[in-house]
Amino acid sequence: MAAAPPVEEVDAFLRTCAASGDAAYGAAKAVLERLQAPATRADARRLLGAVRRRFAGGGPAAGHECFRTFHFRIHDVVLDPHLQGFQQRKKLTMMEIPSIFIPEDWSFTFYEGLNRHPDSIFRDKTVAELGCGNGWISIALAEKWCPSKVYGLDINPRAIKIAGINLYLNAFDDDGLPIYDSEGKTLLDRVEFYESDLLSYCKDNKIELDRIVGCIPQILNPNPEAMSKIVSENSSEEFLYSLSNYCALQGFVEDQFGLGLIARAVEEGISVIKPSGLMVFNMGGRPGQGVCERLFLRRGFRINKLWQTKIMQAADTDISALVEIEKNSRHRFEFFMDLVGDQPVCARTAWAYMKSGGRISHALSVYSCQLRQPNQVKKIFEFLNDGFHEVSSSLDLSFDDDSVADEKIPFLAYLASFLKENKSNPCEPPAGCLNFRNLVAGFMKSYHHIPLTPDNVVVFPSRAVAIENALRLFSPGLAIVDEHLTRHLPKQWLTSLAIEGSNHAKDTVTVIEAPRQSDLLIELIRKLKPQVVVTGMAQFEAITSAAFVNLLSVTKDVGSRLLLDISEHLELSSLPSSNGVLKYLAGKTLPSHASILCGLVKNQVL
């Protein structure tokens with residue numbers, strides 16, 4: 001057994017720490033430097049072992065007294081020995097200081113959720129933990145599951161230094177000797193800690209991850225100006241500790257629920273997660289389960305709730321920002337009175353209850369999520385992050401039907417790739433896409449022998465749009481429209497009583513509904529003499545061109561423009577059936593007062 005450090009060295013360390021929290025951090029940082037140097041590593045580890053033993057006999061009370069007097073403590077974090085599959089060491093030795101989040105129910109629930117995964121989920125994988133704090137979950141994860149590498153990341157620089165000390169506390173025993181696992185590795189081989197704003201370290205170093213786990217703040221800081229301060233290890237203890245409880249506005253729609261930081265973490269994760277990767281997040285249930293789950297679903301994830309419980313709301317967390325959100329919106333957060341209440345109360349009620357001495361709780365869930373079409377979703381977010389961040393707030397990749405997702409997500413990915421490569425997307429001509437008009441003209445020429453050119457074709461979004469635009473363009477005093485084609489026209493057009501010869505209001509067209517049978521329609525045209533006629537054809541009249549010829553003749557005689565809809569009789573087929581109108585057009589030129597309307601989209605598989 002190696003010699004213990006002199007009592008004087010332990011006393012000197014404690015005297016330095018007693019001066020202040022900043023002094024205690026400075027002393028701990030000096031010990032870390034000795035731990036990182038192989039020549040002084042064993043002595044520094046033995047010093048920490050002696051300090052731990054100095055207070056170990058007094059139980060939790062001695063640990064709390066050490067924290068108050070010397071601004072740190074070294075104690076054991078007991079990991080539940082009853083967790084399924086747990087076969088290795090059941091406790092970790094951890095240092096804590098005031099400026100770092102101290103493990104509590106929140107993080108233990110998260111660890112329990114991680115344990116709901118099979119043992120193989122982390123083995124030999126590259127993992128990042130967001131908001132690692134003093135590093136206990138990263139170390140416990142590496143201890144139990146033997147991942148290839150765990151990156152513990154935190155924006156608090158002091159947290160990273162203390163996490164480094166905790167790594168050495170558990171990688172070596174109190175005699176300064178390395179502790180090897182079943183593969184002959186120590187925790188130093190498996191765990192690294194870095195100061196990082198969420199996943200910035202992994203993004204900057206192009207590290208691809210198999211797993212991302214996170215237990216990060218979900219309440220907006222009631223003092224927004226405080227979050228604008230520059231984070232450094234010289235910041236006040238109060239400010240650094242607040243980073244564990246509060247988050248700032250992140251520019252995401254989820255900010256209104258306090259989930260903006262998690263939303264940013266998820267979108268950063270999409271850029272660095274491998275296609276088969278998993279993300280696991282601790283989610284406070286204050287915004288409501290539906291809001292929490294939608295954060296993942298609308299970004300293209302499948303989700304699985306691993307674990308849910310209730311925990312007490314931390315007494316040092318100010319929920320007044322949530323009260324303010326409720327004041328300015330219809331949303332209501334969900335809290336419970338103590339742990340036994342089942343009826344949720346809003347943030348305002350919870351805040352008032354806390355102020356009067358009551359205790360409140362909220363649901364806490366652990367979600368595992370995986371991208372349903374990872375390569376496609378990655379392309380979409382790569383595009384959005386390249387100058388189109390504002391669009392992401394309206395993005396919705398949640399689909400109940402997998403077949404719909406299989407169609408829409410690849411299309412959006414293709415559209416994103418196209419727009420990325422074509423920053424300046426040229427506008428199509430007013431008549432519509434030239435390539436599509438070429439296809440229509442080519443089809444008519446090949447299968448119906450009609451000598452069309454693209455200039456003879458105009459593309460509209462729908463028949464209804466085409467009809468309304470034609471009527472607005474010609475602005476007739478009176479129009480006769482097939483009764484089957486009037487349902488999308490403005491209602492006032494169908495109720496106007498202004499007949500030819502009387503004044504009609506601006507932008508108003510008097511529309512008379514007409515039967516489709518050609519002899520009745522022709523009689524109406526002769527009597528009313530409309531400026532525009534819009535009609536279809538009955539099936540029996542479409543077989544030959546006789547009815548079409550009669551319509552052309554009568555509309556020419558009275559000076560009407562004719563818009564003939566043959567959508568029901570047009571087949572996009574290499575073996576089209578007989579069509580009297582198209583036969584006529586194959587041998588004769590369409591008169592200038594007539595146009596043919598063809599609806600191509602009929603919700604059929606062609």
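Which residues of strand 3 lie on one side and which on the other, and are they buried or exposed? In this predicted model, T126, A128 and L130 lie on one side of strand 3 and V127 and E129 on the other, and all are buried. Both faces of the strand are therefore covered. The alternation follows a general rule: in a regular strand, side chains point by turns to the two faces of the sheet. Strand 3 spans residues 126-130, and five of its five residues are buried.

The strand has neighbours with which it pairs. Strand 4 (residues 149-154) runs parallel to strand 3 and is joined to it by five bridges. Within this pairing, A128 has Y151 of strand 4 as its bridge partner. To get from strand 3 to strand 4, the chain passes through helix 6 (residues 136-145), and this β-α-β crossover is right-handed. Strand 6 (residues 209-214) is also parallel to strand 3, with four bridges between them. Here E129 is partnered with V213 of strand 6.

Salt bridges form another set of contacts, and the structure holds 31 of them. One of them connects R34 and E9, whose closest N and O atoms are 3.3 Å apart. Because R34 belongs to helix 2 (residues 21-36) and E9 to helix 1 (residues 7-18), this pair ties together parts that are 25 residues apart in sequence. R34 is partly exposed, at a relative accessible area of 27%, and E9 is partly exposed as well, at 26%.

Helix 2 takes part in another such contact, through D22. The side chains of R158 and D22 meet in a salt bridge with an N to O distance of 2.8 Å. R158 lies in helix 7 (residues 157-171) and D22 in helix 2, so the pair ties together parts that are 136 residues apart in sequence. The two ends of this bridge have their own surroundings: R158 counts as buried at 2% relative accessibility, while D22 counts as partly exposed at 45%.

Further along the chain, R463 and D565 form a salt bridge at 2.6 Å, N to O. R463 is in helix 18 (residues 463-474) and D565 is in strand 14 (residues 561-565), so that distant parts of the chain, 102 residues apart, are linked. In this pair R463 is partly exposed, with a relative accessible area of 31%, and D565 is buried, with 4%. Salt bridges can also share partners: R45, R52, R53 and D174 are joined in this way into one network.

What does a search for disulfides find? Across the whole structure the search finds zero disulfides. C17, for example, is in no disulfide, and the nearest cysteine sulfur, that of C66, is 8.1 Å away. A disulfide is a covalent bond between the sulfur atoms of two cysteines. At 8.1 Å, the sulfur of C66 is too far from that of C17 for a bond, and C17 holds the closest cysteine sulfur to C66. C17 is buried, with a relative accessible area of 0%, and C66 counts as buried too, at 2%.

The last stop is on the surface. F411, Y414, L415 and F418 form a nonpolar patch there, with about 410 Å² of accessible area together. Among these residues, Y414 is found in helix 16 (residues 402-421). Y414 counts as exposed because its relative accessibility is 55%, and the cut-off for exposed is over 50%.

Key
Residues numbered from 1 in each chain as written. Predicted model: local features only at pLDDT ≥ 70, side-chain atom pairs only at ≥ 80, totals over all residues. Heavy atoms only, no water. Patch = residues over 30% accessible without salt bridge, like charges linked within 9 Å, V, L, I, M, F, W, Y side chains within 5 Å. Areas by Shrake-Rupley, 256 points an atom, 1.4 Å probe, with all protein chains shown as cover. Salt bridge = Lys/Arg side-chain N within 4 Å of Asp/Glu carboxyl O. Helix = DSSP H or I, 4+ residues; strand = E, 2+ residues; numbered from the N terminus. Buried < 20%, exposed > 50% of the residue type's maximum accessible area, 1.4 Å probe, protein only. Disulfide = S-S within 2.5 Å. Pairing = 2+ DSSP bridges. Right-handed = clockwise from strand over helix to strand, strands pointing away.
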